[in-house]
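Let us walk through this model step by step. Start with the whole chain, then move to its helices, its empty spaces and a few single residues.

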Amino acid sequence: MNVLLSPQLPSLLHQHENPHLSQRNLPSLHNMTNRKRKADEDGDETMSPMSSPAVSSRSLRPPKKLRSNDLIGRPLSLPRLLETLDKNQLRMVLERICERHSDIGQEVISGAPRPTVASAMGVLQGYQDKLNAAAPYGESSAEYTYDRVKGPLVALIDALSDFTPQFLPPIETQPTKSLEFLDGATRFIHHLPNWQPQAYRHHKENAYEDVSKAWALVINEAAKRGGGFNLHSDGWDQKLARHNEQSDGRLGTAIHAMSNSVGWMASNENGGSSEQNSILSQLVSGTYGSPVRVGPW
């Protein structure tokens, strides 16, 4: 700094001055001297270590959170708890909540998607599997067998009774879906035990009576659409006839409704097979099917 302010500066400059440089360059050196002095006097903050970007960023970081060694028990959060529950446990929890809060139950009923035929069949198959598992091995008395299977037997019949109205008009507006459900439900009834004592046979008898009425309701509704043509063209008359045969003629109500809906086609059908015409004729006369015992019971 003292060298810059020395009075010998002009002479030094004259001695080493490039002949091509002009004297007008001296003011610029003088200005640099003034700016340097000003920076020294005021303190250039831009050159301060505290104004460094690295220091600034470090000063803004929050202090590290100290880990506590005091570990205590606490319940799981709701999302973690739900992860541990299977389908049956979730259903039971939801049922209890809906029982205590009827408004939540109604919201679930209105917001849940309608069951499909496949989903309903899956539930019924689960009850059927439990019934089969409860049956004793080997030869046993009817009383002992009935005591073993009564619980799952009643559970399956109750499920059939609860699911059937869901697939009937006016709740179900598509006859094909109604008929698909009744076709599967009737097959489950076929597999119910055929008890020798009459006292134990009322379960199956009542189930056949209920499903026959359900068939008749759907058939009469479907007959209003195209005079029952779809019932015949899709083969539902033949499926019902086979069900009636397998039930030992216990689906009389359904057979009567089908005869009224598609019986007129028997005499007008030219392109159908003789077997189909024969089945339709028997449906009209009410003579289709013969008693046949089915199943291991």
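Among contacts between residues at least 6 apart in sequence, what percentage join residues at least 24 apart? In the protein chain, that share is 68%. Keep in mind that the model is predicted.

The secondary structure is quickly told. The protein chain comes to 16 helices and zero strands. It has 297 residues, and buried residues make up 28% of them. The chain exposes about 20600 Å². Carbon and sulfur atoms supply 56% of that area.

Turn now to helix α10. This helix covers residues 175–190, which is 16 residues. How far apart should its ends be? At 1.5 Å a residue, α10 should span 22 Å. Its end C-alpha atoms are 22 Å apart, so the model agrees with the expected span.

Is α10 mostly covered or mostly uncovered? The helix is mostly covered, with twelve of its 16 residues buried. Its N-terminal part contributes Pro-175, Ser-178 and Leu-179 to the buried set. Phe-181, Leu-182, Asp-183, Gly-184, Ala-185 and Thr-186 are buried as well. Phe-188, Ile-189 and His-190 complete the list. Against which helices do these residues pack? Their partners are α8, α9, α11 (202–223), α12 (229–233) and α13 (236–246).

One of those partners, α13, deserves a visit. His-243 is found in this helix. With 6% relative accessibility, His-243 falls under the 20% cut-off and therefore counts as buried. Which residues does His-243 touch, leaving out those up to four places away in sequence? Its contacts are Asp-183, Thr-186, Arg-187, His-190, Trp-215 and Leu-251. Among these, Asp-183, Thr-186 and His-190 are also buried residues of α10.

Asp-237 has its place in α13 too. Its relative accessibility is 1%, so Asp-237 counts as buried. In sequence, Asp-237 and Ile-219 are 18 residues apart. In space, their C-alpha atoms are 9.5 Å apart.

Past α13 comes a loop that leads to α14 (252–262), and Asp-248 is found there. What is the sign of phi at Asp-248? Phi is positive, at about 60°, although Asp-248 is not a glycine. At 31% relative accessibility, Asp-248 lies between the 20% and 50% cut-offs and so counts as partly exposed.

Next, the empty space. Rolling a probe the size of a water molecule over the atoms shows where such space is left. The largest pocket has a volume of about 990 Å³. Its lining is made of 23 residues. The closest to the pocket centre are Arg-91, Pro-115, Ser-119, Val-123 and Phe-163.

Which helices build this lining? At least two residues each come from α6 (87–100), α7 (102–111), α8 (117–134) and α9 (142–163). The largest share is that of α8, with six residues. By class, the lining holds twelve nonpolar, five polar and six charged residues.

Helix α6 also holds Leu-90. At 36% relative accessibility, Leu-90 counts as partly exposed because this value falls between 20% and 50%. Beyond its neighbours within four places in sequence, Leu-90 is in contact with Leu-82 and Leu-85.

Closed spaces are a separate topic. How many cavities of 30 Å³ or more does the structure hold? There are two. The second largest cavity has a volume of about 40 Å³. Its lining includes Pro-169, Glu-172, Thr-173, Gln-174, Pro-175 and Ser-178. Val-218, Glu-221 and Arg-225 line it as well. The elements that give two or more residues to this lining are α10 and α11. By class, the lining has three nonpolar, three polar and three charged residues.

One of these lining residues, Pro-169, leads to the last stop. Is the peptide bond between Pro-169 and Pro-170 cis or trans? The bond is cis, with omega at about 5°. Pro-170 is found in the loop between α9 and α10. The path thus returns to α10, whose residue Pro-175 also lines the second largest cavity and is among the buried residues of the helix.

How values were computed
Residues numbered from 1 in each chain as written. Predicted model: local features only at pLDDT ≥ 70, side-chain atom pairs only at ≥ 80, totals over all residues. Heavy atoms only, no water. 1 Å grid on protein atoms, 1.4 Å probe; cavity = no way out; pocket = protein on both sides within 12 Å on 5 of 7 lines; lining within 4 Å. Points joined across faces, edges and corners; volume = space filled by probe spheres on them. Helix = DSSP H or I, 4+ residues; strand = E, 2+ residues; numbered from the N terminus. Nonpolar A, V, L, I, M, F, W, Y, C, P; charged D, E, K, R; others polar. Expected span 1.5 Å × (residues − 1). Buried < 20%, exposed > 50% of the residue type's maximum accessible area, 1.4 Å probe, protein only. Contact = heavy atoms within 4.5 Å. Areas by Shrake-Rupley, 256 points an atom, 1.4 Å probe, with all protein chains shown as cover.
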